[in-house]
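Visitor: Please take one part of this model and go through it closely, residue by residue. I would like the cut-offs stated along the way.

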Amino acid sequence: MNVMPAPHTTIRAADAYISVSGVSKTFHGRKGAVHALTDINLNVKPGEFVSVLGPSGCGKSTLMMLIAGLMSVSSGRITVGKKHIDAPNSDAGVVFQQDVLLEWRSALQNIMIQAEIRKSDLGEARERAKQLLKMVSLQGFEDSYPKELSGGMRQRVSICRALLHRPPLLLMDEPFGALDAMTRDQLQIDLLRLCADSGVTVLFITHSIAEAIFLSDRVVVMSPRPGRIEQIMEIDLPRPRRLAMREDPKFNQYTRELTKIFQGLGVFREEY
Ligand code: ADP
Ligand code: MG
C-alpha cells in the first residue's frame, strides 16, 4: 500500500474559495521589523477543511487574521469568494482559543448576539440556535450562564455562535487548545458533524499534528519564522472520521511524515 502523501498539493486559483497569493506580512514594532509571513500562496476549495499546522510564532494567527480581513497584508492579495479582502470579512464565522462569551448572557443569548448584530429574523435565529445546541449535545443548557458551563461546553457555544448565520467560511484559531484531551476529542467530532451538515469551508489553525490529520482534507505545514508554507499534505482518510482511525496505518504514516518534516525544520530537539 502506498500511503506516501503528495508533497505539493495545489488547487487552481480558478477553483478556489479562499485564494492567498504572494502574501507577506511584516510588523513594525518597538524591536524593529518582524517578518511574520513570507510569500504565502494557498488556494482552498469551497467546502474544504484545511488545517494550518506549525510551531508557536510561525505566523498562523497572522494568516488567519489576514484572511478574516482583521489585519492588512504588507504585500500580496487575498480573495474570499472572489471578493478582495481589504476590510473585515463579516461573512466569516470566527472562533478563537479563548471563548469570548458574555458572562451576563445565557448560552442561547450568547449565540443570539450574532443574529442581533446582523439584524436577522430573531424567531428563526432562535430556532436555529436551539438546533445547533442540540447538535453539540447542549440541549437543556440554553438558559445556563457561561460560568455554569465547562470549558468544552463554553467552546461549543462559541462554535454555535460562529455558525448561526450559516457562514460560508469558518476561521478557527486553535479553538481546542485550552481543552483537556478527552474534551478535545469530542469537540473535534462535534465540529466535523456541524461541518458535514453545513458544507462550510473551514480554515483551522492548530499546533497539534494529530488534530490536523484527524480533521482535515489537507494540512498546510508552516515553517518557523519567518513563516512560510513548507508543504501541503493531502489527508486521504474516509469521512465520516472516527476516533478509531487514529490507529489506522495511514494515519500513523501521516503522523510520521509530518513529524519528520518538523524534525527537518529543527522544531523538535530530541537530545537530552
Ligand atoms: P502563531 O499564531 O503561529 O503562534 P503569530 O501569527 O501570532 O504566530 O505571530 C507570528 C510572529 O509575528 C511572531 O513573531 C509574533 O511575535 C509576531 N507578531 C504577531 N502579531 C504582532 C503584532 N501585532 N505586532 C508585532 N509583532 C507581531
Ligand atoms: Mg497563534
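**Valine 20, helix α1 and ligand 1**

Guide: Valine 20 touches Ile40, Asn41, Leu42, Asn43, Leu63, Ile67, Arg77 and Ile78, leaving out residues up to four places away in sequence; contact here means heavy atoms within 4.5 Å. The model is a predicted one, in which local features need pLDDT of at least 70 and side-chain atom pairs pLDDT 80 or more, while totals for chains, interfaces and linings use all residues. Residues are numbered from 1 along each chain as its sequence is written, chains are lettered from A and ligands numbered from 1 in the order written, and side-chain values use heavy atoms, without hydrogens or water.

Valine 20 belongs to strand β1, residues 18–29; strands (E, at least two residues) and helices (H or I, at least four) are DSSP runs numbered from the N terminus. Its relative accessibility is 2%, so valine 20 counts as buried (under 20%; exposed is over 50%, partly exposed in between; 1.4 Å probe, protein chains only). One of its partners, isoleucine 40, is 20 residues away in sequence, and the two C-alpha atoms are 6.7 Å apart in space. The contact list of valine 20 also includes Leu63 and Ile67, and both of these are among the buried residues of α1. In an α-helix there are 3.6 residues a turn, so residues three or four places apart point the same way.

Of the eight residues in α1, six are buried. Besides Leu63 and Ile67, the buried set holds Lys60, Thr62, Met64 and Leu66. Just after the helix, glycine 69 has a positive phi of about 75 degrees.

Helix α1 also takes part in the surroundings of ligand 1. Those surroundings, with a heavy atom within 4 Å as the condition, are made up of Phe27, Val34, Ala36, Pro55, Ser56, Gly57, Cys58, Gly59, Lys60, Ser61, Thr62 and Arg225. With three residues, α1 contributes the most to this shell. At least two residues each come from α1 (60–67) and β2 (32–44). Lys60 and Thr62 appear in the shell and also on the list of buried residues in α1.

Three atom pairs give the detail at the ligand. The side chain of threonine 62 has an N or O atom 2.5 Å from an oxygen atom of ligand 1. For the side chain of serine 61, the corresponding distance to a ligand oxygen is 2.8 Å. Glycine 57 approaches through its backbone, with an N or O atom 2.6 Å from an oxygen atom of ligand 1.

Another buried residue sits in helix α4. Arginine 154 lies within residues 151–163 of that helix, and its relative accessibility of 15% is why it counts as buried. Beyond four places in sequence, arginine 154 is in contact with Asp99, Leu101, Glu103, Pro146, Lys147 and Leu149.

A partly exposed case is found in helix α7 (residues 249–264), where asparagine 252 is placed. Its relative accessible area is 32%. With neighbours within four places set aside, asparagine 252 is in contact with Arg246 and Glu247.

As for confidence, the protein chain averages a pLDDT of 93, and 97% of the residues score at least 70; pLDDT is the predictor's confidence per residue, from 0 to 100. Over residues 1–7, pLDDT stays under 50. Where pLDDT is low, the predicted coordinates should not be read in detail.

Technical notes:
A polar contact is a pair of N or O atoms within 3.5 Å; within protein, one must be able to donate a hydrogen and the other to accept it, and residues adjacent in sequence count only if both atoms are side-chain atoms.
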